[in-house]
Every structure is written in C-alpha cells, then in structure tokens.
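Colleague: I've got a new model open and could use some company going through it. Shall we start with the overall layout and then pick out a few residues?

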Amino acid sequence: MVGGLLVIVLLAVIQFTVVLLVRNTAQDAAAQGARIAAFADSSLGDGAARTRQLLAASVGARYAEHVSARYTLERGIRVVEVRVETPLPVIGLIGFRDALEVTGHAAVASG
C-alpha cells in the first residue's frame, strides 16, 4: 500500500512539473514574441510568428495554435502584448483545450 501511494505521489509531482514546464515555456515564448514585435522594423505578425515557432519547437504545434498580438497601453506607455492560449496538460501533454493563458509584453521602440 505504501508503495502504491508513493507511486501516485511521484506521478503527481511529475505531472505538476509538466504543467509548469508548459506554462513557463509559453510565457517565455510570448515574451520573446513581444520583444520581436516591439522592434522598430518589425510587425505584430513577426512577433506572433516567432511565438508560434518557439512553442512548436519546444512543446509541439498543438500548443502554438492560438497566438495573438496587439498594441496596448500600460501606464501610458505603448506596448506590444502577445497572448497565448494553450492546452492545460492533465495526463502527460494531453489536457483541456485553451485552459492555460499567458501574455508577454514589451515596450514599443520609438523612432
């Protein structure tokens, strides 16, 4: 019984680690995409494309399906916001569709 309980706890810790990996990877990809889009000679499409590329290479193309980019104001400063909606992995990388949402922001380069 103790062995079975330990296996369940170990699997729960591993799954929690997978959830954190997906969340942190999506957050980093969104931030990188926002930085790319904020360059003076780049567009919102460039940032969204970079985010999709990073997600597809890191955790799979299924996690890169819902990426959007837009301009917004944060405390009076014009910024790029890249939003990523990904599945929340429940068993391995299988999970609820679009249940995890992260955003990345970057100040727009002036000039």
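Modeller: Sure. From the N terminus on, the elements of the protein chain run α-α-β-β-β; helices (H or I, at least four residues) and strands (E, at least two) are DSSP runs, numbered from the N terminus. Keep in mind that this is a predicted model, where local features need pLDDT of at least 70, side-chain atom pairs count only at pLDDT 80 or more, and totals for chains, interfaces and linings use all residues. Residues are numbered from 1 along each chain as its sequence is written, and side-chain values use heavy atoms, with hydrogens and water left out.

Colleague: Is the protein chain a compact globule or more spread out?

Modeller: Look at the radius of gyration, taken over C-alpha atoms, next to the globule rule, which is 2.2 Å times the number of residues to the power 0.38. That rule gives 13 Å for 111 residues, and the protein chain has 17 Å, well over that, so the answer is more spread out than a compact globule.

Colleague: What does the C-alpha trace span along its principal axes?

Modeller: The protein chain has two helices and three strands to lay out. Along the principal axes, the C-alpha trace spans about 65 × 30 × 15 Å.

Colleague: Is Leu11 buried or exposed?

Modeller: Leu11 is found in helix H1, residues 2–38. Buried means under 20% relative accessible area, exposed over 50%, and partly exposed in between (1.4 Å probe, protein chains only). At 54% relative accessibility, Leu11 counts as exposed.

Colleague: Which residues form a nonpolar patch on the surface?

Modeller: Patch residues have over 30% relative accessible area and no salt bridge (a side-chain nitrogen of Lys or Arg within 4 Å of a carboxyl oxygen of Asp or Glu). Like charges are joined within 9 Å, and nonpolar side chains (Val, Leu, Ile, Met, Phe, Trp, Tyr) within 5 Å. Areas come from the Shrake-Rupley method with a 1.4 Å probe, and for residues only the protein chains shown count as cover. With about 380 Å² of accessible area together, the patch is Val7, Leu10, Leu11 and Ile14.

Colleague: Leaving aside neighbours within four places in sequence, what is Thr25 in contact with?

Modeller: Thr25 lies in helix H1 and is buried, with a relative accessible area of 18%. Contact means heavy atoms within 4.5 Å. Beyond those neighbours, Thr25 touches Leu55, Ser58 and Val59.

Colleague: And which residues does Thr72 contact, with the neighbours within four places left aside?

Modeller: Thr72 is found in strand S1, residues 66–74. Thr72 is buried, with a relative accessible area of 18%. The contacts are Ile77, Arg78, Val79 and Glu81.
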